[in-house]
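This report describes selected structural features of the protein shown below. It proceeds from a single residue to its surroundings, and then to the wider packing, the cysteines and a strand pair.

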Amino acid sequence: MAQALAQLDPQQSPGEQLAQLIASGQDQLPLPARGAMLQRWQCLALAAQHDLALVKLYEGHTDALAILAELDGPSRPGAAWGVWCAESPDAAVVLRHNGAGEQVISGRKQWCSGASALTHALVSCKDADGERHLAAVALRGPGVTVTDEGWHAVGMAASGSVDVVFDEAPAIPVGDAGAYLSRPGFWYGGAGIAACWYGAAQALAAYLHAAARGQVQPDPHRLAHLGEVDVALGAAAALLRATAASIDRSPGAYAGRMAMRARLAAEAAATTVLTHVTRALGAGPLCRDARFARLAADLPVFLRQSHAERDLATLGGLLTQQEEAPWAL
């Protein structure tokens, strides 16, 4: 994976780079809970170290392949997939049968990363009874309009996360109603995002490590920042490894609590790293190093894929359901 990333053309867009990774087979990651969860997450972390806009598309594509395998969805060799399941109260997508008896979706879906570059997407939607579904849609088919609306952030701008409008677009339901959320793999994919956050934090930390090693006279303040970074990343890495091993040991078991804890730990570590690296290095790399500046702008936006205190409260609620406190060594 590292070699494939190094061979990508930096002048290409994230969508073009994703297509190159797909063509070279680098999207064929080990499926979740099959004994190689850590290897899967290591590939996501490597892609995040390379570029966050790319990993946004790469993670979605590889997650889609895992979902399709788990729910016995349609096979489309060579396709570039997205997973568009963010819900908004002011934008909805409805699944129904049209006059010809075919399944179609209509409505607006927000935050569709890579919309102009991908060929297919798994789209969350509801039927007339309010049941939740997942539908596979060919994005270059009829009834699909990729807009240029819905994204104003500077961070993650290259991910192309815009609104997409569906107007009776042909759709193939994937799994039964509610299967996307109830399947064990939902939490496996959720924890995979943590590996992306961790990889981005690694990339930032490498700048500070190199700067500290390059000093003729050690700066104690910079070394203290480096120590804080090491503690944060070391703790998050240990938890991610333990989570991956636990998922592999018990495939199919509920993984919500451990996945949420891993996500929140990786988010906290990435936030800590961003704070300490930028304080230690000052304005120089933020203003004069394009890769560093883009990473520092992208990461805070990407981290907001976390639900922050809502997830912390959910995790706390799950912990209260256990009779014994779960923190013994």
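## Ser113 and its surroundings

Ser113 is buried, because its relative accessible area is 9%, under the 20% limit for that class. The model is a predicted one. Ser113 belongs to the loop that connects strand 3 with strand 4 (120-126). Its side chain engages the side chain of Ser161 in a polar contact of 2.6 Å. Leaving aside residues up to four places away in sequence, Ser113 touches Lys56, Leu57, Trp84, Leu118, Ser159, Gly160 and Ser161.

## Trp84 and the nonpolar cores

Trp84, one of the residues that Ser113 touches, has contacts of its own with several further residues. Among them, again not counting residues up to four places away in sequence, are Lys109, Cys112, Ala115, Ala121, Val123, Leu139, Val164 and Phe166.

Trp84 is also one of the residues with the most contacts inside the largest nonpolar core, which has 84 residues. The others named in this respect are Trp41, Leu52, Tyr58, Ile105 and Phe166. Helix 6 (residues 185-213) supplies the largest share of this core, 16 residues. A second core, separate from it, has 13 residues, including Ala64, Leu71, Trp81 and Leu134.

## Cysteines

How many disulfides does a search of the whole structure find? The search finds zero. A disulfide is a covalent bond between the sulfur atoms of two cysteines. Cys43 forms no such bond because its sulfur is too far from the closest cysteine sulfur, that of Cys196, at 11 Å. Cys125 is likewise in no disulfide, and the nearest cysteine sulfur belongs to Cys85. For reference, a pair of cysteine sulfur atoms counts as a disulfide within 2.5 Å.

Cys43 and Cys125 are both buried. Their values are set out below.

| Cysteine | Relative accessible area | Nearest cysteine sulfur | Sulfur distance |
|---|---|---|---|
| Cys43 | 12% | Cys196 | 11 Å |
| Cys125 | 4% | Cys85 | 8.8 Å |

## Strands 2 and 3

Strand 3, which precedes the loop holding Ser113, covers residues 103-112 and pairs with strand 2 (residues 93-97). The pairing is antiparallel and runs over five bridges. Which residue of strand 3 is the bridge partner of Val94? That partner is Ser106. The two strands form a hairpin, with five residues between them. Within the turn, Gly101 has a positive phi of about 80°.

Notes: Residues are numbered from 1 along each chain as its sequence is written. This is a predicted model: local features need pLDDT of at least 70, side-chain atom pairs count only at pLDDT 80 or more; totals for chains, interfaces and linings use all residues. Side-chain values use heavy atoms; hydrogens and water are left out. Two strands pair if DSSP finds at least two bridges between them. Helices (H or I, at least four residues) and strands (E, at least two) are DSSP runs, numbered from the N terminus. Buried means under 20% relative accessible area, exposed over 50%, partly exposed in between (1.4 Å probe, protein chains only). A nonpolar core is a set of buried Ala, Val, Leu, Ile, Met, Phe, Trp, Tyr and Cys residues joined through side-chain atoms within 4.5 Å. Contact means heavy atoms within 4.5 Å. A polar contact is a pair of N or O atoms within 3.5 Å; within protein, one must be able to donate a hydrogen and the other to accept it, and residues adjacent in sequence count only if both atoms are side-chain atoms.
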